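Me: I'd like to learn how to read strand pairing off a model. Could you walk me through it with the one below?

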Amino acid sequence: MSHNIIEINNLKKSFKSDFYKKPTLSLKNISFVIPKGKFVGLIGPNGAGKTTTIKCLLEFIFPDSGEIKFHDNMTFVQFKKGVGYLPERPFFQEFLTGQEFLKLHWDLSADDVKKNHSFNDRAEKVLDMVKLSHAKDKKLKDYSKGMLQRIGIAQSIIAFPEFLILDEPMSGLDPDGRILIKDILKDLKKEKISVLMSSHLLEDIDELCDDLIIIHQGECLYNGSLPDFKKNYSNLSEAYKAFKGQLQVNYNV
């Protein structure tokens, strides 16, 4: 386990939409690993089970069966101290300034982080990283969509995470915003943080990720090296299209 930050084995999760209906199986024996220090892309069509998998990882919901192992045999309580998370639809307290928003998340972080590091120093560094130093005293209600995404990334890394989960971090951004977010993620990649990024934007996955996980209809169809997956094609989009053709499945990605 030492070379994997997370190992998921045979995860199942069902949901019951109505009292009289049978539960719908959302995850069907999902198994994959996330290596330490790797940037891993998570792709699949809408409803494939990507967000359900992430919620199980974070214990927002609990699987019906299966196992999630964390590196060094940590419990989830121990492991979550080193996790940063940017949800697809983050909630921002718009009455706070960017600096105050980061302080809120800093105060929620592990005690040893707050004891050993200065908030002001760390906030200055992450605000500079996400190009928001100039807007730290501006209220979030006055931030643009791109600025909100960047302050969202800032909160996810404020407490020195070992593992970062990003759910559609570039959703709804214009081309300039996507370029800026990608530059930020490339800087994080240099720090060897383990990252799981869910996205529908295959070109971004292709550009940023080392490994790839493909989920479809609650099943993991691929977990491995991204270069190996696309080795016979010029890019991920072409490789993914061929992969879909082999399975004779109509993905809507």
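Me: Which residue is the bridge partner of Ile-43 in β8?

Reply: When you read a pairing, pick one residue and look across to the neighbouring strand. Here, in this predicted model, Ile-43 has Ile-214 of β8 as its bridge partner. Then zoom out to the strands: β3 and β8 (residues 211-216) are parallel, with 4 bridges between them.

Me: Which strand holds the residue opposite Leu-42?

Reply: That's β7, where Ser-198 stands opposite Leu-42. Strand β7 covers residues 194-198, and its pairing with β3 is also parallel, over 4 bridges.

Me: How many residues of β3 are buried?

Reply: For burial, go along the strand one residue at a time, counting those under 20% relative accessible area as buried. In β3 (residues 39-43), 5 of 5 residues are buried, leaving the strand mostly covered. Check the side chains' directions too: Phe-39, Gly-41 and Ile-43 point one way, Val-40 and Leu-42 the other, and both groups are buried.

Me: What is the strand order in the open sheet of 3 strands?

Reply: To read a sheet, list its strands across and then find the edges. This one goes β2-β1-β4, with antiparallel pairing. Its edge strands, β2 (24-35) and β4 (65-70), each pair on one side only. The twist from one strand to the next averages 10°.

Me: Where does Ile-6 fit in?

Reply: Ile-6 sits opposite Phe-70 in β4. Strand β1 (residues 4-15) runs antiparallel to β4, and 5 bridges join the two.

Me: And which helix lies across β1, β2 and β4?

Reply: That's α1, residues 50-57, which runs at about 115° to β1.

Technical notes
Residues are numbered from 1 along each chain as its sequence is written. This is a predicted model: local features need pLDDT of at least 70, side-chain atom pairs count only at pLDDT 80 or more; totals for chains, interfaces and linings use all residues. Side-chain values use heavy atoms; hydrogens and water are left out. Two strands pair if DSSP finds at least two bridges between them. Axes are lines fitted to C-alpha atoms, for helices over the stretch in contact, and angles run from 0 to 180 degrees between N-to-C directions. Contact means heavy atoms within 4.5 Å. Buried means under 20% relative accessible area, exposed over 50%, partly exposed in between (1.4 Å probe, protein chains only).
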